[in-house]
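Open the model in your viewer and get ready to select a few residues at a time. We will make a handful of stops together.

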Amino acid sequence: MTAALAYREAVARLTAAGLPDAARDARLLMAHALEISADRVMLALHDPLPEAAAMRLEEAVTARLARQPVSQITGQRQFWGRSFRVTRDVLDPRPETETLVAEALAAPFSRILDLGTGSGAILLTLLAERSGATGIATDLSDAALEVARGNAVALGLTDRASFLQGDWFAPISGRFDLIVSNPPYIAADEMAGLSPEVREWEPHLALTPGGDGLDAYRAIAAGARDHLLPQGRLLVEIGPTQGAAVAALFTAAGLAQARILTDLDNRHRVVSAIAPQ
């Protein structure tokens with residue numbers, strides 16, 4: 001069997017299962033099976049498909065038909081031009097989170113705190129983009145921290161990134177000029193409406209705090225002033241309906257200049273605020 005025939009069959013099976021972006025998924029799964037980069041797949045389609053690659057492709061397509069996310073199957077996700085290891089213990093870094101990264105990079109910083117780091121994608125991206133910066137990340141999940149530490153090793157950032165287990169600010173002392181977070185924000189009654197890829201495969205601890213979805217922001221607001229330097233910035237990702245509520249929480253906690261920022265789809269995506277002088 002040629003790789004081209006196997007690719008066409010994979011696209012057909014994924015399409016028949018009603019999966020969106022079937023061709024894209026098949027290309028990424030074929031790259032995984034052939035152990036090549038995704039941009040080389042089309043060049044490899046005229047070659048015979050090795051038996052080992054055919055087995056890897058079958059396993060990958062079967063997993064995708066079970067609605068496992070492609071990034072978990074391949075173990076990798078691209079974010080801000082870099083590859084991050086992804087497992088079932090962390091959220092899949094998403095393009096909309098790059099809105100937060102872009103805003104963070106819009107002003108100088110030297111010491112970062114990343115709350116609920118997951119894969120480490122936010123902290124490590126910011127450190128990679130700012131060679132003089134250092135950072136600390138927290139997460140409640142030891143398994144997530146292990147993934148983040150591995151990503152720090154892969155990106156050569158272990159000398160500037162530290163990872164601590166604990167709930168929000170609990171393991172943290174000192175102050176920072178930038179605090180970032182993509183916390184769990186899905187309300188309990190919204191969980192059933194999530195796609196199977198998210199609801200059944202991503203860690204619920206990182207998706208929802210239960211209730212109205214705002215508990216993480218309450219905790220972050222309560223501790224932010226004690227951990228920000230004067231004029232230090234706080235940036236958090238939000239759900240598209242939560243901007244006003246989160247901005248109000250930050251203002252009530254004594255933070256200044258609360259702003260709601262939109263992503264490329266013009267949806268509310270980030271709330272920013274600064275510590276007073």
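## Stop one: a buried alanine

Ala 63 has a relative accessible area of 17%, under the 20% cut-off, so Ala 63 counts as buried. Bear in mind throughout the tour that this is a predicted model. Widen your selection to helix α4, residues 51–65, and you will see that Ala 63 belongs to this helix. Which residues does Ala 63 touch, not counting those up to four places away in sequence? Select Gln 68 and Ile 73 to see these contacts. For a sense of distance, draw a line from the C-alpha atom of Ala 63 to that of Gly 210: the two atoms are separated by 29 Å, and the residues are 147 apart along the chain.

## Stop two: an annotated span

Now select residues 6–75. An unreviewed UniProt entry annotates this span as "domain: Release factor glutamine methyltransferase N-terminal". In secondary structure, residues 6–75 are 69% helix and 0% strand. The C-alpha atoms at the two ends of the span lie 21 Å apart.

## Stop three: a helix pair, α1 and α2

Go next to helix α1 (residues 3–16) and helix α2 (residues 22–34), and colour them separately. At what angle do α1 and α2 pack? The angle is about 135°, and the axes are 9 Å apart. That angle makes α1 oblique to α2. The crossing of α1 past α2 is right-handed.

To view the contact, show side chains on both helices. From α1, pick Ala 3, Ala 6, Tyr 7, Ala 10, Val 11, Leu 14 and Thr 15. They meet Ala 22, Ala 23, Asp 25, Ala 26, Arg 27 and Met 30 from α2. Sorted by class, the residues of this contact are 10 nonpolar, 1 polar and 2 charged.

## Stop four: two tryptophans with positive phi

Select Trp 80 and check its backbone: phi is near 55°, a positive value in a residue other than glycine. Where is Trp 80? Look in the loop between β1 (76–79) and β2 (82–85). With a relative accessible area of 27%, Trp 80 is partly exposed.

Then move to Trp 168, which is not a glycine either, yet has a positive phi of about 50°. Trp 168 is in the loop between β5 (161–165) and β6 (176–181). Is Trp 168 buried or exposed? Trp 168 is buried, at a relative accessible area of 16%.

## Stop five: an annotated binding site

Keep Trp 168 on screen and add Asn 182, Pro 183, Pro 184 and Tyr 185, where the unreviewed UniProt entry places the feature "binding site".

Start with Pro 183, in the loop between β6 and α9 (196–199). Its relative accessibility is 2%, so Pro 183 counts as buried. Leaving aside neighbours within four places in sequence, the contacts of Pro 183 are Trp 168, Ala 206, Ala 216, Tyr 217, Ile 220 and Glu 237. The tryptophan from the previous stop is thus among them.

Tyr 185 lies in the loop between β6 and α9. Tyr 185 is buried, with a relative accessible area of 14%. With neighbours within four places set aside again, Tyr 185 is in contact with Leu 207, Pro 209, Gly 213, Tyr 217, Glu 237, Ile 238, Gly 239, Gln 242 and Arg 269. Highlight Tyr 217 and Glu 237, which appear in the contacts of both Pro 183 and Tyr 185.

## Stop six: a second helix pair, α11 and α12

Tyr 217 leads on to helix α11, where it meets residues of helix α12. Select α11 (residues 215–227) and α12 (residues 243–252): their axes come within 9 Å and cross at roughly 25°. An angle under 35 degrees counts as roughly parallel, and α11 and α12 are therefore roughly parallel to each other. The crossing of α11 past α12 is right-handed.

In this contact, Tyr 217, Arg 218 and Ala 221 of α11 meet Val 246, Leu 249 and Phe 250 of α12. By class, there are 5 nonpolar, no polar and 1 charged residues.

## Last stop: Thr 99

Finish by selecting Arg 269, one of the contacts of Tyr 185, and then Thr 99, which touches Arg 269 as well as Thr 262, Asp 263 and Val 270, not counting residues up to four places away in sequence. Thr 99 sits in helix α6 (residues 98–104). Thr 99 counts as buried, at 16% relative accessibility.

Methods
Residues are numbered from 1 along each chain as its sequence is written. This is a predicted model: local features need pLDDT of at least 70, side-chain atom pairs count only at pLDDT 80 or more; totals for chains, interfaces and linings use all residues. Side-chain values use heavy atoms; hydrogens and water are left out. Axes are lines fitted to C-alpha atoms, for helices over the stretch in contact, and angles run from 0 to 180 degrees between N-to-C directions. Helices (H or I, at least four residues) and strands (E, at least two) are DSSP runs, numbered from the N terminus. Angles under 35 degrees count as roughly parallel, over 145 as roughly antiparallel, 65 to 115 as roughly perpendicular and the rest as oblique. A crossing is left-handed if the near helix is turned anticlockwise from the far one by less than a right angle, and right-handed if clockwise. Contact means heavy atoms within 4.5 Å. Ala, Val, Leu, Ile, Met, Phe, Trp, Tyr, Cys and Pro count as nonpolar, Asp, Glu, Lys and Arg as charged, and the others, Gly among them, as polar. UniProt positions are given in the numbering used here, feature names are shortened, and annotations may be inferred rather than shown by experiment. Buried means under 20% relative accessible area, exposed over 50%, partly exposed in between (1.4 Å probe, protein chains only).
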